[in-house]
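Hi,

Here is the structure I promised to pass on. Have a look at it first, and then read my notes below.

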Amino acid sequence: MAQYLQQKISGDTGGFAAAITAGDRSGVEEQTLIALRQSNLAHLLAISGLHMGLLTGFVFGAVRLLFCLMPPLALRWPVKKLAALAALTAGAGYLLLSGGNVATERAFIMVSVMLGAVLLNRRAITLRAVAAAALIVLLRRPESLLSPGFQMSFAATAALVAVFAALRNSETGLGPRWFRPVMALVISSAVAGAATAPFAAAHFNSVPHYGLAANLLAVPVMGSVVIPAAVLSLCLTPFGLEQAGLTVMRWGLDWILWVARTVSGFDGAVTKVAAPGGWVLPLLAAGFLVLVIWRGRLRVAGALPIAAALWLWAGAERPAVLIAESGGLIGALAPEGRALSRAKGQGFTAEIWLENDGDVATQPEAASRWQSKYSGLPAWEGAGIRLVHAPGQRKVSEVNACSKEEILVTTVEASAPPGCFILTPALLRQTGSIAISESGEVLTARGVSGRRPWNSWQPETAGAATLQELLQRAAKSQ
């Protein structure tokens, strides 16, 4: 299916069509992905709640309208339930077509609960339906609770249901009848964006500032042009007329990509933020749930944990030093940002470190921040110690001796020169990656994770303890 769409629709547009239809993103170029992320439109790539909701909603409305055009059927058959069954079947087909990834499965469960409510003569869109869908997802995949997809999806859904239920129950109108769809679009985009923004910033370390405008311009086209055109093309395929639907689909996708590229090109389109501490997201979620679920004036108490979470986030500290598990990269905080010991190599690790710092620098730019040199080797001085990076046997051979304040990090098994404390690959495999705080406290990946049944666990050797003692002595000497 993905190959067929890319043959029929050329370029990035064809790759976009394959992504939203068959779940295959391989045809979307990297620059297009960046533009979609920076304009807050990357959610259109994942086959998730928006796509499943648009598809099943369109099928439900179209089938119900078709039945209503035939009075003998409309007056005798439960056309609303038949339309719900047709929409449920279409959603199941979409799930199978997309490969059944976690996001699509979660979206299918949500629409199944809501369409099931229609079949049982219950209100389809309620917080109870959202809660039931969340419980089903967690019973099937408990680990998804910690995933950004689960958190953002259910945050947006719960917020939308709560806000529109409040508007429905209040006397506040949305203006004249002709203006209500516009207001509904603005409110839904703003509410969903506000609900997902903290989770997106925490997981992806960026805040797109023009995401609301981009979604107002793109999402209606996805719902009113792209999805209906895809369904039309599928219906016309047996007759060899699918190109008519694909042409309309291409127009809609071209517009969305143009919006993404234009908005991402604005000055200050994205702000990078540092990764939050461990308590931030739980506090945010707790406050959000109180605001959404509680009834009465006491719901404003949910603002307290949210305020506490934002305060903790603003004061979050990043490690002064990071050492990769392979020994191939060191990152140390400098006044201008994280300084890296290498301009090339360990690119994924460097990208993650800089991203979690909220740093927009590239790896070569971060590598240019190393200020001191030691025997021709990159070194960093701070907290009373000096970290020397010697990747490779030749670099290690250049170090003849060390002082007691020096730590040598290398990627090969080598004996320590006189006076050196050396972090070799053997030791780093036992400790995992290492983080050192400003106060000299050592945190290892193995110390955080502990024993897990799916990995080969070995107790940490005395190396980590020796490193901790070295840093403590350095701190006391200062």
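What follows is a short account of what turned up, from the whole chain down to single residues.

**The chain as a whole**

Please keep in mind that this is a predicted model. The mean pLDDT of the protein chain is 82, and 88% of its residues reach 70 or more. One stretch to treat separately is residues 474-478, where pLDDT stays under 50. The model has seven contacts beyond four places in sequence for that stretch.

The protein chain contains 20 helices and 12 strands. It has 478 residues, of which 42% count as buried. Its exposed area is about 24,700 Å², with 63% of that supplied by carbon and sulfur atoms. If you take the contacts with a separation of 6 or more, residues 24 or more positions apart account for 56% of them.

**Salt bridges**

Side chains of opposite charge can pair when their charged atoms come close. How many salt bridges does the model have? The count comes to six, and I picked out three pairs for you.

The pair I would look at to begin with is Asp-12 and Arg-261, whose side chains meet in a salt bridge at 3.3 Å, N to O. Asp-12 sits in helix 2 (residues 11-22) and Arg-261 in helix 12 (residues 242-264), so this pair ties together parts that are 249 residues apart in sequence. Is Asp-12 buried or exposed? Its relative accessibility is 12%, and because the limit for buried is under 20%, Asp-12 counts as buried. Arg-261 is partly exposed, with a relative accessible area of 43%.

There is more around Asp-12. Leaving aside neighbours within four places in sequence, Asp-12 is in contact with Gly-27, Val-28, Glu-29, Thr-32, Leu-257 and Arg-261. The C-alpha atoms of Asp-12 and Asp-254 are separated by 8.8 Å, although these two residues are 242 residues apart along the chain.

Next come Arg-140 and Glu-105, with a salt bridge of 2.8 Å, N to O. This pair links distant parts of the chain, since Arg-140 is in helix 8 (residues 127-140) and Glu-105 in helix 7 (residues 102-119), 35 residues apart. Arg-140 counts as exposed at 54% relative accessibility, whereas Glu-105 counts as buried at 13%. Arg-141 belongs to the picture too: Glu-105, Arg-140 and Arg-141 are linked in a network of salt bridges.

Then there is Arg-338, which forms a salt bridge with Asp-357, the closest N and O atoms being 2.7 Å apart. Arg-338 lies in strand 5 (residues 337-340) and Asp-357 in helix 15 (residues 347-357), so the pair ties together parts that are 19 residues apart in sequence. Arg-338 is buried, with a relative accessible area of 1%. Asp-357 counts as buried as well, at 15% relative accessibility.

**Strands 4 and 5**

Strand 5, the home of Arg-338, has a partner in strand 4 (residues 330-334): the two pair in the antiparallel sense over four bridges. Gly-331 has Leu-340 in strand 5 as its bridge partner. A hairpin of two residues joins strand 4 to strand 5.

**Strand 9**

Where do the side chains of a strand go? In a regular strand they alternate between the two faces of the sheet. Here, Glu-406, Leu-408 and Thr-410 point one way from strand 9, Ile-407 and Val-409 point the other way, and all are buried. Five of the five residues of strand 9 (residues 406-410) are buried, so this strand is largely enclosed by the rest of the structure. Strand 9 pairs with strand 10 (residues 421-423) in the parallel sense, over three bridges. Within that pairing, Leu-408 has Ile-422 in strand 10 as its bridge partner.

**A nonpolar patch**

Last, something on the surface. Leu-65, Leu-66, Leu-69 and Met-70 make a nonpolar surface patch of about 400 Å². Of these residues, Met-70 lies in the loop between helix 4 (49-68) and helix 5 (71-74). Met-70 counts as partly exposed, at 33% relative accessibility.

Happy browsing, and talk soon!

Conventions:
Residues numbered from 1 in each chain as written. Predicted model: local features only at pLDDT ≥ 70, side-chain atom pairs only at ≥ 80, totals over all residues. Heavy atoms only, no water. Salt bridge = Lys/Arg side-chain N within 4 Å of Asp/Glu carboxyl O. Buried < 20%, exposed > 50% of the residue type's maximum accessible area, 1.4 Å probe, protein only. Pairing = 2+ DSSP bridges. Patch = residues over 30% accessible without salt bridge, like charges linked within 9 Å, V, L, I, M, F, W, Y side chains within 5 Å. Areas by Shrake-Rupley, 256 points an atom, 1.4 Å probe, with all protein chains shown as cover. Contact = heavy atoms within 4.5 Å. pLDDT = per-residue confidence, 0-100.
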